[in-house]
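Here are some short exercises to work through at your own pace. Open the structure, try each task, and then compare your steps with the solution.

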Amino acid sequence: MLSPPTANDAQVWANDERMLIHRLDPPTGKWQSVKLQDDAGGPFAGYCVYRDAQNNAYTFDFKRGGRSMARIDAKTMQVKLFTIPTANARGRRGRADDAGRGIWFAEYGSNKIGRFDVTSESFAEWPVPQAYFWPYDVVPAKNGEIWSGSMWTDHVLRLDPKTGTATLYPLPH
């Protein structure tokens, strides 16, 4: 998955099937790559790449049992791992919020919606009120609500993170 440049930074982040994260500087054509490992030194199955307001890259370990998130510092290319609180979270698809201070993501394996606060380096999680929803993607709306879809149910989820209220909407048949 590709994380396109922002107005502040022309660099592009991407991942590939070899578990590498790449950064391209389009004006120079220069590529930089980082190979990720989990806490035990094993393979890190990076799923998608997101950026914060400082152009740091974030990706999630999607392998079975995965509960790690990696941040790649845009200035130093150093990797820091964070542990998602819920076991088997399998973080995947999401977005940075408009301010670039929060990374929202689906916790596919634990049936939750997660948020990583890039300032405090802490996680918050909200359970999905439908068993086996297994969120696929998470999109923050401009009004602060969070939306998610599922590949397993015929519903769309709207979450108000301020109140914790989650509403499921059936898709038309």
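**Exercise 1.** Which residue takes a positive phi in the hairpin of β2 and β3?

*Solution.* Please keep in mind that this is a predicted model. Start with the pairing: β2 and strand β3 (residues 20-25) run antiparallel and are joined by four bridges. Next, look between these strands, where the hairpin has four residues. Met19 is the residue with a positive phi, near 65 degrees. To check the register, find Trp13, which stands opposite Arg23 in β3.

**Exercise 2.** Decide whether the faces of strand β2 (residues 12-15) are covered or open.

*Solution.* Take one side first: Val12 and Ala14 are buried there. Then turn to the other side, where Trp13 and Asn15 are buried too. Both faces of β2 are therefore covered, since buried means under 20% relative accessible area.

**Exercise 3.** Work out the strand order of the open sheet that contains β14, and find its edges.

*Solution.* The order is β13-β14-β15-β16, with antiparallel pairing. β13 (135-140) and β16 (165-170) each have a single partner strand, so they stand at the edges with one side lacking a neighbour in the sheet. From one strand to the next, the twist averages 20 degrees. For one pair in detail, β15 (residues 155-160) is joined to β16 by six bridges, and Arg158 has Thr167 in β16 as its bridge partner.

**Exercise 4.** Is Trp147 buried or partly exposed?

*Solution.* Locate Trp147 in strand β14 (residues 146-150). Its relative accessibility is 31%, so Trp147 counts as partly exposed. Finally, Trp147 joins Val139 and Tyr169 in a nonpolar surface patch, with about 230 Å² of accessible area together.

Conventions:
Residues numbered from 1 in each chain as written. Predicted model: local features only at pLDDT ≥ 70, side-chain atom pairs only at ≥ 80, totals over all residues. Heavy atoms only, no water. Patch = residues over 30% accessible without salt bridge, like charges linked within 9 Å, V, L, I, M, F, W, Y side chains within 5 Å. Areas by Shrake-Rupley, 256 points an atom, 1.4 Å probe, with all protein chains shown as cover. Salt bridge = Lys/Arg side-chain N within 4 Å of Asp/Glu carboxyl O. Helix = DSSP H or I, 4+ residues; strand = E, 2+ residues; numbered from the N terminus. Buried < 20%, exposed > 50% of the residue type's maximum accessible area, 1.4 Å probe, protein only. Pairing = 2+ DSSP bridges. Axes fitted to C-alpha atoms, helices over the stretch in contact; angles between N-to-C directions.
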